[in-house]
Amino acid sequence: MTDRVAIITGGSRGIGRATALAAAARGYKVVVGYASNQAAANEVVASIEAKNGKAIAVKCDVGSESAILALFAAADAFGTLGALVNNGGIVGKSGVRVDEMSAERIQRMMAVNVTGSILCAREAVKRMSTRHGGKGGVIVNVSSVAAKLGSANTYVDYAASKGAIDSFTVGLGHEVAGDGIRVAAIRPGLIDTEIHASGGEPDRAHRLAHMVPMKRVGTADEIAKAILWLMSDDASYVTGAILDVSGGR
Ligand code: NAP
């Protein structure tokens with residue numbers, strides 16, 4: 001158990017929501033980041049408070065540096081930061097080839113999924129690093145098996161953004177290993193969340209389930225459990241590591 005603060009970007013729905021609830025159950029004071037769905041974020045906070053946990057909802061589009069700074073300022077007022085889960089992320093419209101992609105689409109993809117995660121990590125390191133007088137902590141980046149599969153004919157820009165997250169996880173893990181901070185990434189496979197609808201294909205995960213060695217989609221709770229393990233002292237010798245939670249995909 002811990003009484004420190006965990007920031008979960010995109011904590012209002014899907015994997016982030018499941019992670020926020022699980023973190024609160026471990027005693028974390030949870031900062032539930034959300035991009036626009038305030039009602040969903042408020043529901044997560046209410047669910048945590050109903051079990052005597054502590055949580056606040058903070059609007060933060062991680063594509064905006066000023067919003068990230070405001071998110072961390074709100075977290076500072078809430079308590080001492082112990083964990084960051086870089087979960088908030090987007091896909092573009094599914095089925096768009098690279099020769100059809102606009103610069104705006106690609107730039108937005110990288111701004112949210114890559115720059116946003118790196119800037120959040122920067123702010124977390126400033127607070128958690130023993131080099132800066134901090135108490136250490138954990139950063140978990142939510143990547144995707146798309147990083148290794150490439151997502152041809154689906155969304156290669158998204159896959160490339162997650163490839164960047166994998167490299168960042170290894171590099172940052174090594175960089176702050178002496179600062180009391182562990183860094184790891186989770187690569188989820190096909191998980192049953194609303195992200196597929198946002199890519200224009202609500203049934204995508206179930207349609208492709210037969211291609212998963214375990215022949216089923218995963219749940220947000222199954223990803224959250226792996227994230228919470230990485231956040232825990234049970235993973236005390238894990239850093240710069242990437243864990244596939246994908247049914248073998
Ligand atoms: P989801 O159900 O669509 O939920 C997305 C969450 O991220 C929501 O809380 C949303 O906030 C937030 N969000 C969206 N845009 C954001 C932005 N610009 N800045 C900050 N937060 C933002 O997605 P999910 O499936 O849980 O995905 C979570 C993470 O897992 C993503 O990084 C995704 O790439 C990764 N992932 C998912 C799968 C999968 O199959 N589901 C597989 C591999 C990796 P609002 O509620 O305000 O919209």
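**Strands, helices and cores**

Ala6 of strand 1 stands opposite Ala83 in strand 4. That pairing is a handy way into this structure, which is a predicted model. Strand 1 and strand 4 run in the parallel sense and are joined by four bridges. A little further along, Ile8 faces Val85 of strand 4. Strand 1 also has strand 2 as a partner, again in the parallel sense and over four bridges, and here Ala6 sits opposite Val30. Ala6 thus turns up in two pairings, one with Ala83 in strand 4 and one with Val30 in strand 2. The route from strand 1 to strand 2 passes through helix 1, and the three together form a right-handed β-α-β unit.

Strand 1 is covered on both faces. Val5 and Ile7 are buried on one side, and Ala6 and Ile8 are buried on the other.

Strand 4 carries the pairing onward. It is mostly covered, with six of its six residues buried. Besides strand 1, strand 4 pairs with strand 5, in the parallel sense and over four bridges. Val85 has Val140 as its bridge partner in strand 5, while Ile8 is the residue opposite Val85 in strand 1. Strand 4 and strand 5 belong to another right-handed β-α-β unit, with helix 4 (residues 103-128) as the helix.

Next comes helix 9, residues 220-231. Its 12 residues should span 16 Å at 1.5 Å a residue, and the end C-alpha atoms are indeed 16 Å apart, so the two values agree. Which residues of helix 9 are buried? They are Ala220, Ile223, Ala224, Ala226, Ile227, Leu228, Leu230 and Met231. As a general point, an α-helix has 3.6 residues a turn, so residues three or four places apart point the same way. The cover over the buried residues of helix 9 includes strand 1, helix 1, strand 4, strand 5, strand 6 (181-188) and strand 7 (241-245).

In soluble globular proteins, nonpolar side chains tend to be buried together. The largest nonpolar core here has 35 residues, and Val30, Ile186, Ile227 and Met231 touch the most other members. Two or more residues each come from strand 1, helix 1, strand 2, helix 2 (38-50), strand 4, strand 5, strand 6 and helix 9. Helix 9 gives the most to this core, with eight residues. Apart from this core lies another one of 27 residues, and Val5, Val112, Met128 and Ile181 are among them.

Met231 shows how helix 9 meets its surroundings. Leaving out residues up to four places away in sequence, Met231 touches Ala6, Ala23, Tyr28, Ala83, Val85, Val138, Val140 and Arg182. Several names in that list are familiar from the strand pairings, including Ala6 and Ala83, which stand opposite each other, and Val85 and Val140, which are bridge partners.

Helix 6 (156-175) can be checked in a similar way. It has 20 residues and reaches 28 Å from its first C-alpha to its last, close to the 28 Å expected at 1.5 Å a residue. The buried residues of helix 6 include Tyr158, Ile165, Phe168 and Leu172, along with Asp157, Lys162 and Asp166. Among the elements covering the buried residues of helix 6 are helix 4, strand 5, helix 5 (146-149), strand 6 and strand 7.

The loops on either side of helix 6 have some details of their own. In the loop between helix 5 and helix 6 sits Ser151, with a phi near 55°, a positive value in a residue other than glycine. Asn153 lies in the loop between helix 5 and helix 6 too, and its phi is near 65°, also positive in a residue other than glycine. Are they buried or exposed? Ser151 counts as buried because its relative accessibility is 11%, whereas Asn153, at 53%, counts as exposed. Ala177 is found in the loop between helix 6 and strand 6 and is partly exposed, at 48% relative accessibility. The C-alpha atoms of Ala177 and Gly240 are separated by 8.6 Å, although these residues are 63 residues apart along the chain.

Finally, how many disulfides does a search of the whole structure find? The count is zero. For Cys60, the closest cysteine sulfur is that of Cys120, 5.6 Å away, and that is too far for a bond because a disulfide needs the sulfur atoms within 2.5 Å. Both cysteines are buried, Cys60 with a relative accessible area of 6% and Cys120 at 0% relative accessibility.

Terms used
Residues are numbered from 1 along each chain as its sequence is written. This is a predicted model: local features need pLDDT of at least 70, side-chain atom pairs count only at pLDDT 80 or more; totals for chains, interfaces and linings use all residues. Side-chain values use heavy atoms; hydrogens and water are left out. The expected span of a helix is 1.5 Å times one less than its number of residues. Buried means under 20% relative accessible area, exposed over 50%, partly exposed in between (1.4 Å probe, protein chains only). Contact means heavy atoms within 4.5 Å. Two strands pair if DSSP finds at least two bridges between them. A crossover is right-handed if, with the strands pointing away from the viewer, the path from the first strand over the helix to the second runs clockwise. A nonpolar core is a set of buried Ala, Val, Leu, Ile, Met, Phe, Trp, Tyr and Cys residues joined through side-chain atoms within 4.5 Å.
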